[in-house]
Amino acid sequence: MKKYILLSLAVLLAPPLAAQRDSARTPGDTAEAGRLRQEIERRWNERVQQDLNLSSDQATKLRATQERFGTRRRTLMQQQMERRRAIEGQMQPGVPANSDSLRKLMDGVQTGRAEMVKVDQEENREMAGYLTPVQQARFQQMREQFIRRVGELRMERREGRGFGRGQGVPRRRPAVRGGARRRGI
């Protein structure tokens, strides 16, 4: 069940953090997806409060900060994804790329990266007002581990080891020509 929840998060939420109340329901969501997101958010908040030993006031402020900056972060991430898709579209084999368009898109990617750094810095400044440096550092570690795990789950899903294959079910390997594997003769 735990892996199912994390995998659902990886598929259904925009990283880097799922603990955003406004992401609990998006258009086109199934009721199950919305419920899973809410459960992930609840568990994340509980774990953060426990691991960081937050007071209820600190936990409330942290959730508010996460919601506010999470909205901005998700918007920036969506824009970056759209720019990258547009770049990929320009770079199709056999189709001449538009240099002016590519330059604007690449400049936009750089600007987006700078904006993301700015959002992170502003979020960290705000958290410094109610978290100790140790709590802040631990929170960053927890978030990085969470993001890394979500990335791993996404990669597994792309490789065909996600939903529908069952846990521990290996991917099918392509057959060797002739129908039999050679045994080093």
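Here are some friendly notes on a few helices and on the aromatic rings that link two of them.

1. **What you are looking at.** Please keep in mind as you read that this is a predicted model.

2. **Helix 2.** Start with helix 2, which covers residues 31-51 and so has 21 residues. From its first C-alpha to its last it reaches 30 Å, close to the 30 Å expected at 1.5 Å a residue. Its buried residues include Ala 33, Gly 34, Leu 36, Ile 40 and Val 48. You will also find charged-looking names in that list, such as Arg 37, Glu 39 and Glu 41, along with Trp 44 and Asn 45. After the helix comes Asn 53, which has a positive phi, near 55°.

3. **The aromatic pairs.** How many aromatic pairs are there? The count comes to 2. In one of them, Trp 44 meets Phe 139 edge-to-face, with 6.3 Å from centre to centre and 65° between the planes. Trp 44 belongs to helix 2 and Phe 139 to helix 5, so this pair ties together parts that are 95 residues apart in sequence. Both of these residues, Trp 44 and Phe 139, are buried.

4. **Trp 44 again.** Now look at Trp 44 with Phe 146: their ring centres are 5.1 Å apart and their planes stand at 50°, so this pair is tilted. Here too the partners come from helix 2 and helix 5, and the pair therefore ties together parts 102 residues apart in sequence. Trp 44 and Phe 146 are both buried. Taken as a group, Trp 44, Phe 139 and Phe 146 make up one aromatic cluster.

5. **Gln 136 in helix 5.** Helix 5 spans residues 133-158, and Gln 136 has its place there. Is Gln 136 buried or exposed? It is buried, because its relative accessible area is 15%, and the cut-off for buried is under 20%. Leaving aside residues up to four places away in sequence, Gln 136 touches Asn 124, Met 127, Ala 128 and Leu 131.

6. **Helix 4.** Met 127 brings us to helix 4, which runs over residues 99-127 and has 29 residues. The distance from its first C-alpha to its last is 42 Å, close to the 42 Å expected at 1.5 Å a residue. Among its buried residues are Leu 102, Leu 105, Val 109, Met 116, Glu 123 and Met 127. The buried residues of helix 4 pack against helix 3 (56-90) and helix 5. At the start of helix 4, look for Asn 98: one of its side-chain oxygens comes to within 3.0 Å of the backbone nitrogen of Asp 100.

Definitions and conventions
Residues are numbered from 1 along each chain as its sequence is written. This is a predicted model: local features need pLDDT of at least 70, side-chain atom pairs count only at pLDDT 80 or more; totals for chains, interfaces and linings use all residues. Side-chain values use heavy atoms; hydrogens and water are left out. Helices (H or I, at least four residues) and strands (E, at least two) are DSSP runs, numbered from the N terminus. Buried means under 20% relative accessible area, exposed over 50%, partly exposed in between (1.4 Å probe, protein chains only). Contact means heavy atoms within 4.5 Å. The expected span of a helix is 1.5 Å times one less than its number of residues. Rings of Phe, Tyr and Trp (its six-membered ring) pair if their centres lie within 6.5 Å; planes under 30 degrees apart count as stacked, over 60 as edge-to-face and the rest as tilted. A polar contact is a pair of N or O atoms within 3.5 Å; within protein, one must be able to donate a hydrogen and the other to accept it, and residues adjacent in sequence count only if both atoms are side-chain atoms.
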